[in-house]
Amino acid sequence: MARPAPVLDRRLVLPALFPSPDEILFVSGLAGPARDAAELCDDGDNLFTMAGTMGAAVPMGLGIALGAPDRRVVVITGDGELLMKIGSLATVATMAPGNLAIVCLDNGCHGETGGQTGHTAHRTDLAKMAEGAGLPSVMVLEAEDQMAAAKAFLEEAPGPRFLHVRVTDGPPHPYKRNFDLAYCRTKFRDAYLGSR
Amino acid sequence: MRKHTKESWPDLLFNLLVEAGVTLFTYVPDAGNKRLIELADAHNEARPVLLAAEDEGIAICAGADLVGERGVVCMQSSGVGNCPNFLSFVKGAGFPILMVVTMRGDYGEGNPWQYPMGQAVEPILRAMGVLTYRVETADDLVPAAEAAIAASGKGRQSAALILSQRFLGAKAF
């Protein structure tokens, strides 16, 4: 059961996977994934980040993907956030939106609350859980030399896709994003509806 | 007012929802929403979305709202207990979420497991800022449904249509 310790720095991951983030609709869970996603998009109007409500990022991304089938939709989540609502992967698998990808930055701990150990540092394997839920395409990214393959996976594998990224417990980008939910909803919604 | 019988209410409610632009019918199965979801499955533009837990429906409908689509979250009363945490972004951001709650644990209930959550449904929803519209009799259905749809449409509130056991009929054991 022992897996090699993670070696990847999370801050390198999203810029390598998404060199042109403006084309994509993003939703992120709270904490580190939100900071990294906000850094990637400069907290732009194609990103909706959480600062609470653990577990909401995947189903919110599913709602966006079902409502905007002509757009690439990417969820950026973490191991703790995803486990809180792991059943939502089954909902994603059943609806099977081809335009949806889920990127889980798994650092094996709860970084926002003091770095307490999470289940994935023990025996839990999120890639296997995604496979078991029925996601048609699942990949594990755990080294820098796999980054190009992971980028291609997110663009080409049959959707919905699940990319399990094993990263160290190092810090996320220190980005300070906007926490005003009502403003963030209006900003995202107006930008999307204005683009059609 | 449009007429309906006790058996045909789901058809009437479904038509009101579709006319209001609802396309995503997210649900955890309940005897009370069975027909409504069958109608969504048979309709060209409506899509049923089977959930693993009720709060997913809240987030899915919020995501749909971000791209200008409208959904509804259908659940049994016990499922309301799974929703409050996600209702915090609904309240904070002003997502206009519409819920249809089919009741257990109220009028005529014979299962003691159902009472605590059934009796807590409306206090919980109100505490999280969701307006509640209760249907006790057949005459209540259309006005309550229209009010909930209006509140969660142009009214920009979140709203729940509460279908009581007095209206639905208590489950026989």
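Helices and strands in this tour are DSSP runs, helices of at least four residues and strands of at least two, numbered from the N terminus. What you have open is a predicted model.

**Chain B as a whole**

Select chain B and follow the chain from its N terminus: the order of elements is α-β-α-β-α-β-α-α-β-α-β-α-β-α, which gives eight helices and six strands. Along the principal axes, the C-alpha atoms of chain B fill a box of roughly 45 × 35 × 30 Å. The radius of gyration of chain B is 15 Å, which agrees with the value near 16 Å that a compact globule of 173 residues would have. Of those 173 residues, 51% count as buried, and among the contacts in chain B with a separation of 6 or more, 73% are made by residues 24 or more positions apart.

**The sheet**

Now select the six strands of chain B and colour them separately. They form an open sheet in the order β2-β1-β3-β4-β6-β5, with parallel pairing. Which strands stand at the edges? In chain B these are β2 and β5, each of which has a single partner strand, so that one side of each is left without a neighbour in the sheet. From one strand to the next, the twist averages 20°.

Helices pack on this sheet, and two of them can be shown next. Helix α6 of chain B (residues 115-127) touches β4, β5 and β6 of chain B, and its direction makes about 150° with that of β5(B). Helix α2 of chain B (residues 34-42) lies across β1 (22-27), β2 and β3 of chain B, and runs at about 125° to β2(B).

**Strand β4 of chain B**

Restrict the view to residues 98-102 of chain B, which make up strand β4; five of its five residues are buried. B:L98, B:V100 and B:T102 point one way from the strand, while B:M99 and B:V101 point the other way, and all are buried.

Add strand β3 of chain B (residues 70-76), which runs parallel to β4(B) and is joined to β4(B) by four bridges. Two opposed pairs can be picked out here: B:C74 stands opposite B:V100, and B:Q76 stands opposite B:T102. Then add strand β6 of chain B (residues 158-163), which is also parallel to β4(B), with five bridges between the two. In β6(B), B:A160 is the bridge partner of B:M99.

**Helix α7 of chain B**

Select residues 141-151 of chain B, helix α7, where B:L141, B:A144, B:A145, B:A148, B:I149 and B:A151 are buried. These residues cover an arc of only 165° around the axis, which puts them on the same side of α7(B). An α-helix has 3.6 residues a turn, so residues three or four places apart point the same way. To see what the buried residues of α7(B) pack against, display α1 (9-19), β4, β5 (130-135) and β6 of chain B.

**Where the two chains meet**

Bring chain A back into view. The contact takes 26 residues from chain B and 29 residues from chain A. On the side of chain B that touches chain A, β2, α3 and α5 (84-93) each supply at least two residues. Of the elements of chain B, α3(B) gives the most to this side, with eight residues, and the residues of this side divide into 17 nonpolar, seven polar and two charged.

Centre next on B:F86, which is in helix α5 of chain B. Is B:F86 buried or exposed? B:F86 counts as buried because it has 28 C-beta neighbours inside 10 Å, where 20 or more are required. Leaving aside neighbours within four places in sequence, B:F86 is in contact with A:T53 and A:A56 as well as with B:D55, B:I58 and B:A59. B:A62 is 24 residues from B:F86 in sequence and 9.9 Å away in space, C-alpha to C-alpha.

**Helix α5 of chain A**

Finish with residues 88-95 of chain A, helix α5, in which A:S88, A:L89, A:T91, A:V92 and A:M95 are buried. They lie on the same side of α5(A), because they cover an arc of only 160° around the axis. What covers them includes elements of both chains: α3 (57-67), β4 (100-106) and α6 (126-133) of chain A, together with β2 (47-50) and α3 (54-66) of chain B. Following α5(A) is A:A96, whose phi is positive, near 50°.

Note on methods
Residues are numbered from 1 along each chain as its sequence is written. Chains are lettered from A and ligands numbered from 1 in the order in which they are written. This is a predicted model: local features need pLDDT of at least 70, side-chain atom pairs count only at pLDDT 80 or more; totals for chains, interfaces and linings use all residues. A residue is buried if 20 or more other C-beta atoms lie within 10 Å of its own, exposed if 12 or fewer, and partly exposed in between; C-beta atoms are placed from the backbone. The arc is that of the directions from the helix axis to the C-beta atoms. Two residues are in contact if their C-beta atoms, placed from the backbone, lie within 7 Å. Two strands pair if DSSP finds at least two bridges between them. Ala, Val, Leu, Ile, Met, Phe, Trp, Tyr, Cys and Pro count as nonpolar, Asp, Glu, Lys and Arg as charged, and the others, Gly among them, as polar. The radius of gyration is taken over C-alpha atoms; the globule rule is 2.2 Å times the number of residues to the power 0.38. Axes are lines fitted to C-alpha atoms, for helices over the stretch in contact, and angles run from 0 to 180 degrees between N-to-C directions.
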